[in-house]
Structure formats: structure tokens, C-alpha cells
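Reader: I'm new to reading protein models. Could we walk through a few side-chain pairs together?

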Amino acid sequence: EPLIRFEAISKRYPNGTVALKGVSFSIASGTTHAICGENGAGKSTLMKILFGLEQPTSGRILIDGKAVDIASPKAAATLGISMVHQHFSLLPSLTVAQNILLGQEPRKGPFIDRRAARERVTGLAARYNLDIDPDARVSSLSVAAQQKVEILKALSRNVRVLILDEPTAVLTPPETEELFQRLADLRAAGLTILFISHKLGEVRALADHVTTLRAGEVSGDAPMSEISNAE
Ligand code: ADP
Ligand code: ADP
């Protein structure tokens with residue numbers, strides 16, 4: 001049974017744009033799954049629906065075989081679905097630790113226990129081999145470092161599915177290599193990774209399975225092993 005099944009998902013925006021037309025495919029647990037396609041193909045819309053930022057006009061999503069209503073990002077979080085945004089959503093004036101634990105800080109009576117917070121983030125960073133300074137201000141970090149903070153923020157919240165929207169768009173080649181290594185580690189640890197990409201090279205390097213959207217429809221859906229080098 002797949003972890004996620006999209007069943008005949010269609011999306012029509014209020015202005016009349018039809019972004020998705022009857023999209024159906026499945027995502028297996030513990031795999032790295034790429035969503036490919038040209039600009040405007042509907043990739044972001046589909047991920048926004050999975051993350052509760054948009055609602056489908058028709059169709060449904062099944063998780064572990066059960067239809068779910070993903071009404072908001074909060075509902076997605078409850079289902080273990082987390083998203084690393086292309087445009088980061090971190091609060092620049094807060095520290096790394098404050099951003100990661102926002103809303104779930106350890107407390108000492110009515111106060112945030114800063115030492116426990118720092119220890120928790122240091123432990124998380126070590127566990128996932130993401131090298132970040134818990135006390136740094138987010139505004140002082142490179143985009144690659146901010147992305148690590150976003151990933152760690154997702155991982156601190158019992159995530160089963162990590163969605164990344166064009167994760168390498170803002171990275172240098174060495175940063176991309178490091179990200180791929182970390183994503184491979186996360187997959188090895190059992191996480192399901194869903195990433196949007198239009199770069200064939202990185203899809204080959206990372207994905208177990210590729211679904212391609214074209215003008216709002218599935219135009220390809222196959223394991224990486226079945227995709228020929230000629231494509
Ligand atoms: P993001 O935070 O990724 O920019 P948006 O929803 O603002 O998310 O935009 C996602 C994509 O959809 C962008 O490519 C944008 O140009 C397009 N888009 C957003 N709003 C509209 C609209 N009203 N009509 C047509 N395209 C839109
Ligand atoms: P992709 O991520 O593959 O580039 P999108 O899902 O962003 O594709 O967009 C699919 C289509 O929906 C495009 O025609 C885009 O302009 C349109 N679109 C995206 N967001 C909106 C929106 N908020 N309102 C209206 N149209 C949108």
C-alpha cells in the first residue's frame with residue numbers, strides 16, 4: 001500500500017486557470033520521489049494541495065489507504081507532512097534555535113528554557129548531521145544554511161514526508177552535493193522525500209521514482225530504473 005495516493009486531483013483557481021486535471025499517482029513509503037515538468041505544469045499547485053495551502057477542486061488524497069482532508073498546513077503537519085519552502089519562511093530576527101523550536105519550545109514554568117532549547121537543537125543537528133549554529137541569527141546566514149535550518153525545523157516535528165520545492169535553485173554545486181548527501185541519509189533513515197525539480201541531472205542523482213506533469217496532467221510515472229538515458 002502506498003504512503004500517499006493522489007486520486008483524480010483537479011484544481012481550478014478562482015480566476016479560472018485550470019492547474020491540475022485528474023492527476024493520479026502514488027508515492028511509496030521510504031522513497032525519494034521527484035515531480036518534474038516545465039514551468040506552469042502544476043507541480044507547485046500539487047505540492048500546495050498536499051501541504052494544505054490549496055484545496056483541490058475535485059479528487060482526493062489517501063494516506064496509508066485512508067482518504068484525508070488536508071485543510072491547512074497544520075492538518076498536514078498532524079499527518080507528518082512537512083514542506084521546505086523555496087522562499088524561506090524563517091523569522092530573520094530570531095536565532096536558529098528559536099526558529100526551529102517556534103511554538104514547541106521547552107519551558108521552565110512560564111519561561112522558555114533557553115538552555116534546554118539550545119541542547120535540543122544541538123542534538124537534532126548532530127543526529128541529522130546538519131552543521132548549524134543554534135545561536136546564529138537567521139539574518140546572518142547564507143541561503144544554504146537557512147535551508148538547513150528549514151530542514152531541521154521540519155525534522156523536529158515528527159515528519160514522515162519531507163517536501164522540497166526546487167531545493168537546489170538557490171545553491172552552489174558544492175552546497176547541492178551536501179544537500180543530496182543529507183537527503184540520502186534521511187531516506188536511509190526511512191523518511192519519504194518528495195522534491196520538485198526541472199533539472200534532469202539532479203533527478204537522476206537522487207530520485208527512486210519520477211512523476212512528470214505536463215499542462216496539469218501526468219505525462220510520465222515510472223521508477224528511475226525504467227527511465228532510459230536517452231530521455
Ligand atoms: P510563490 O510563493 O511560490 O510565489 P504563488 O502562489 O504566489 O506562490 O505563485 C505560484 C506560481 O503561480 C507562480 O509562478 C505565479 O506566477 C503563479 N500565480 C500566482 N498567482 C497567479 C494568478 N493569480 N494567476 C496566474 N498565475 C499565478
Ligand atoms: P509549476 O509549479 O509546475 O510551475 P504551478 O502549479 O505554479 O506550476 O502553476 C500551474 C498553473 O496554475 C500555471 O498556469 C499558473 O500560472 C497557475 N497558477 C498557480 N497559482 C495560481 C493562483 N494562485 N491563481 C491562479 N493561477 C495560478
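Reader: Which residue forms a salt bridge with Asp64?

Author: Happy to help, and keep in mind that this is a predicted model. A salt bridge needs a Lys or Arg side-chain nitrogen within 4 Å of an Asp or Glu carboxyl oxygen. Here the closest N and O atoms are 3.0 Å apart, so the pair qualifies, and the partner of Asp64 is Arg160.

Reader: How many residues apart in sequence are the parts that Asp64 and Arg160 tie together?

Author: Asp64 sits in the loop between S4 and strand S5, while Arg160 sits in the loop between helix H5 and strand S9. The pair therefore ties together parts whose separation in sequence is 96 residues.

Reader: Is Lys148 buried or exposed?

Author: Lys148 forms a salt bridge with Glu178, the closest N and O atoms being 3.2 Å apart. Lys148 is in helix H5 and Glu178 in helix H6. Buried means under 20% relative accessible area. Lys148 has 13%, so the word for Lys148 is buried.

Reader: Which residues are joined with Lys148 into one network?

Author: Look for salt bridges that share partners. Glu178, itself partly exposed at 28% relative accessibility, belongs to this network. Together with Lys148, the network holds Glu178, Arg182 and Asp185.

Reader: Which strand does Arg60 lie in?

Author: Arg60 forms a salt bridge with Glu7, with the closest N and O atoms 2.9 Å apart. Glu7 lies in strand S1, and the pair ties together parts 53 residues apart in sequence, because Arg60 lies in strand S4.

Definitions and conventions: Residues numbered from 1 in each chain as written. Chains lettered and ligands numbered in written order. Predicted model: local features only at pLDDT ≥ 70, side-chain atom pairs only at ≥ 80, totals over all residues. Heavy atoms only, no water. Helix = DSSP H or I, 4+ residues; strand = E, 2+ residues; numbered from the N terminus. Buried < 20%, exposed > 50% of the residue type's maximum accessible area, 1.4 Å probe, protein only.
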